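Student: Before we turn to any details, could you take me through how features such as aromatic pairs and nonpolar cores are read from a model?
Tutor: Gladly; let us look at it together and begin with the overall fold.

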Amino acid sequence: MLGNFDIHNPGNIRKSSDLFKGEVRPSSNASFKQFVNNEFGYRAMLKILSTYLKKGYNTIFSIIARWAPAFDNNNTSDYISFVSSKMKISANAKLSYSQLPTLVYYMTWFENGFPGNRSEITKAYALIGNNVNIGNGNSGNSTVKILFGSAAGVFLIYKIFQNGNNS
């Protein structure tokens, strides 16, 4: 599949009742969501994957098995192998929020046949505040600020400790 870039859906997110910021309704595609631009398509992907992590789907294997199940005509095992190989980690290694931009980059590569766009993924992170909460078990939250690197794809992580919520 060459992807759904004409409808700005780099993750090939199927239609559902969930409404995301930047989503166009009705979609011009019979099966997939449509977004106003690729950044909002990546943003929706990042939001979904963040929810997966919160629900315990925290490995490449469990995330992709849920994202692209074999019963929906996906080659799930090749997908898992591709992403695991590109990320250079075991398909069963536990992922953190800081790895989501890299995961999205390689998932969209597999989905579309070419790499994701790092600049658009960075903009998508900005659309969700460029912060993700990683509860530290204390009364406050530990927030990790993530910047997606360009050439090397390196993450610069700055820990910012806050009391309160960053939604």
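Student: How many helices and strands does the protein have, and what pattern do they follow along the sequence?
Tutor: This is a predicted model, and in it the protein has five helices and five strands. Read along the sequence, these elements follow the pattern β-β-α-α-α-α-α-β-β-β. Of the 167 residues, 45% count as buried, and the accessible surface comes to about 8,700 Å², of which 52% belongs to carbon and sulfur atoms. Among contacts with a separation of 6 or more, 49% are between residues 24 or more positions apart.

Student: Which elements give two or more residues to the largest nonpolar core?
Tutor: The largest nonpolar core has 34 residues, and those with the most contacts inside it are Leu49, Ile60, Trp67, Val83, Leu100, Leu103 and Met107. The elements that contribute two or more residues to this core are α1 (38-54), α2 (60-67), α3, α4 and α5 (118-127), with the largest share, nine residues, coming from α1. To follow one of these core residues in detail, take Val83, which touches Ile60, Ile64, Leu103, Tyr106 and Met107 when residues up to four places away in sequence are not counted.

Student: How should I read a pair of aromatic rings, and how many aromatic pairs are there?
Tutor: A pair of aromatic rings is described by the distance of the centres and the angle of the planes. In this structure the count comes to nine aromatic pairs. One of them joins Phe82 and Phe110, whose ring centres are 5.5 Å apart and whose planes meet at 50°, so this pair is tilted. Because Phe82 lies in helix α3 (residues 76-87) and Phe110 in helix α4 (residues 100-112), the pair ties together parts that are 28 residues apart in sequence.

Student: Are Phe82 and Phe110 buried or exposed?
Tutor: The cut-off for buried is under 20% relative accessible area, so Phe82, at 22%, counts as partly exposed, and Phe110, at 29%, likewise counts as partly exposed.

Student: What kind of aromatic pair do Tyr105 and Trp109 form?
Tutor: Tyr105 and Trp109 form an edge-to-face pair, with 6.2 Å from centre to centre and 80° between the planes. Being four residues apart in helix α4, these two residues are separated by about one helical turn. Tyr105 is buried, with a relative accessible area of 9%, whereas Trp109, at 23%, counts as partly exposed.

Student: Which residues form one aromatic cluster, and what lies over the face of Tyr105?
Tutor: The cluster is formed by Tyr79, Phe82, Tyr105, Tyr106, Trp109 and Phe110, which brings in the residues of both pairs just described. Over the face of Tyr105 lies Arg118, at 4.2 Å from the ring centre.

Student: Where is Gly41 placed, and which residues is Gly41 in contact with when neighbours within four places in sequence are left aside?
Tutor: Gly41 has its place in helix α1 and is buried, with a relative accessible area of 0%. Leaving aside neighbours within four places in sequence, Gly41 is in contact with His8, Pro10, Ile13 and Phe35. A distance between C-alpha atoms gives another view of the surroundings: those of Gly41 and Glu23 are separated by 7.9 Å, although the two residues are 18 residues apart along the chain.

Key
Residues are numbered from 1 along each chain as its sequence is written. This is a predicted model: local features need pLDDT of at least 70, side-chain atom pairs count only at pLDDT 80 or more; totals for chains, interfaces and linings use all residues. Side-chain values use heavy atoms; hydrogens and water are left out. Rings of Phe, Tyr and Trp (its six-membered ring) pair if their centres lie within 6.5 Å; planes under 30 degrees apart count as stacked, over 60 as edge-to-face and the rest as tilted. Buried means under 20% relative accessible area, exposed over 50%, partly exposed in between (1.4 Å probe, protein chains only). A charge sits over a ring if NZ of Lys or CZ of Arg is within 6 Å of the ring centre and within 35 degrees of the ring normal. A nonpolar core is a set of buried Ala, Val, Leu, Ile, Met, Phe, Trp, Tyr and Cys residues joined through side-chain atoms within 4.5 Å. Contact means heavy atoms within 4.5 Å. Accessible areas come from the Shrake-Rupley method with a 1.4 Å probe; for residues, only the protein chains shown count as cover.
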